[in-house]
Amino acid sequence: MSSKLSDRRIEQLALAAVDACGRAYAPYSKFEVGAAILLEDGQVMAGCNVENASYGLSLCAERAAAAAAVSAGHRKWRGVAIASVGGVPPCGACRQFLAEFGLNTPIILVNLIDGARTVCNLSELLPRSFNAADLPGQV
Ligand code: THU
């Protein structure tokens with residue numbers, strides 16, 4: 001279940017994603033992305049994309065933020081904001097990665113060009129998803 005985020009929460013999360021974007025390490029693509037996750041207790045965990053000279057090893061901002069949240073012991077999330085030039089939606093791999101911790105998570109896309117915040121839901125971005133229930137022997 002996802003509950004609707006207040007405008008104040010959306011703004012808090014959007015600003016955290018913009019802030020994280022400022023820490024992006026993207027010397028190869030020059031495409032900087034920041035992500036911020038609102039935890040159940042109101043805390044925010046952030047991440048940015050981290051590229052590598054061995055291009056394929058590059059880590060997306062969403063997965064960096066997700067790994068930070070889980071590593072800090074937080075698996076229940078109320079929303080995820082992603083900031084970039086253009087306010088692009090998460091890549092397919094990140095959609096799947098985020099879905100592990102809640103397919104109904106609200107997603108806020110922040111466009112650094114015009115400041116637009118677009119709110120959608122992860123379930124819209126990842127229809128007919130694969131999840132743990134599809135694995136034999138899992139609940
Ligand atoms: N990137 C993200 O951080 N998140 C996405 O969902 C899409 C792509 C990053 C990866 C790479 O560092 C750069 O954007 C260009 O693809």
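Helices here are DSSP runs of H or I with at least four residues, strands are runs of E with at least two, and both are numbered from the N terminus. With that in hand, start at helix α1, residues 7-21, where you'll find Val-18. Before going further, some housekeeping: this is a predicted model, local features need pLDDT of at least 70, side-chain atom pairs count only at pLDDT 80 or more, and totals for chains, interfaces and linings use all residues. Residues are numbered from 1 along each chain as its sequence is written, and side-chain values use heavy atoms, with hydrogens and water left out.

Back to Val-18. Its relative accessibility is 31%, so Val-18 counts as partly exposed; the scale calls a residue buried under 20% relative accessible area, exposed over 50%, and partly exposed in between, using a 1.4 Å probe and protein chains only. Val-18 also belongs to a nonpolar surface patch of about 460 Å², shared with Phe-31, Val-85, Val-88, Leu-112 and Ile-113. Patches take residues with over 30% relative accessible area and no salt bridge, joining like charges within 9 Å and nonpolar side chains (Val, Leu, Ile, Met, Phe, Trp, Tyr) within 5 Å. The areas come from the Shrake-Rupley method with a 1.4 Å probe, and for residues only the protein chains shown count as cover.

Phe-31 turns up again at the ligand. Around the ligand sit Ser-29, Phe-31, Val-33, Asn-49, Glu-51, Cys-60, Ala-61, Glu-62, Pro-90 and Cys-91, where being near takes a heavy atom within 4 Å. Look at the polar atoms next. Asn-49 places a polar side-chain atom 2.9 Å from a ligand oxygen, and Glu-62 has a polar side-chain atom 2.8 Å from a ligand nitrogen. Cys-91 uses its backbone instead, with a polar atom 2.8 Å from an oxygen of the ligand. On its own the ligand has 370 Å² of accessible area, and the protein covers 78% of that.

Two of those ligand neighbours, Ala-61 and Glu-62, lead into helix α2 (residues 61-71), whose buried residues are Ala-61, Glu-62, Ala-64, Ala-65, Ala-66 and Ala-69. What lies over them? The cover on the buried residues of α2 includes β1 (34-39), β2 (44-48), β3 (77-84) and α3 (92-99). Just past α2, Gly-73 takes a positive phi of about 95 degrees.

Leu-59 is in the loop between β2 and α2, and at 34% relative accessibility Leu-59 counts as partly exposed. Leu-59 touches Cys-48, Asn-49, Val-50 and Ala-64, leaving out residues up to four places away in sequence; a contact is heavy atoms within 4.5 Å. Asn-49 is ten residues from Leu-59 in sequence, yet their C-alpha atoms are 5.4 Å apart.

Now for some backbone angles. Most residues other than glycine have a negative phi. Lys-30, in the loop between α1 and β1, has a positive phi near 65 degrees. Lys-30 is exposed because its relative accessible area is 64%. Arg-128 also has a positive phi, near 50 degrees, and sits in the segment after α4. With a relative accessible area of 87%, Arg-128 is exposed too.

In that segment after α4 (122-125) you'll also find Ser-129. Is Ser-129 buried or exposed? Its relative accessibility is 16%, so Ser-129 counts as buried. Beyond residues up to four places away, Ser-129 touches Leu-103 and Asp-134. Thr-105 is in the loop between α3 and β4 (106-111), and is buried because its relative accessible area is 4%. Setting aside neighbours within four places, Thr-105 is in contact with Gly-79, Val-80, Cys-120, Asn-121 and Leu-122.

Finally, the charges. Side chains of opposite charge can pair when their charged atoms come close. With a salt bridge taken as a side-chain nitrogen of Lys or Arg within 4 Å of a carboxyl oxygen of Asp or Glu, the count is two. One joins Arg-117 to Glu-11, with the closest N and O atoms 2.7 Å apart. That pair links distant parts of the chain, 106 residues apart, with Arg-117 in strand β5 (residues 117-121) and Glu-11 in helix α1. The other joins Asp-19 to Arg-23, with the closest N and O atoms 3.0 Å apart. Asp-19 is partly exposed at 47% relative accessibility, and Arg-23 is partly exposed at 48%.

Terms used:
A polar contact is a pair of N or O atoms within 3.5 Å; within protein, one must be able to donate a hydrogen and the other to accept it, and residues adjacent in sequence count only if both atoms are side-chain atoms.
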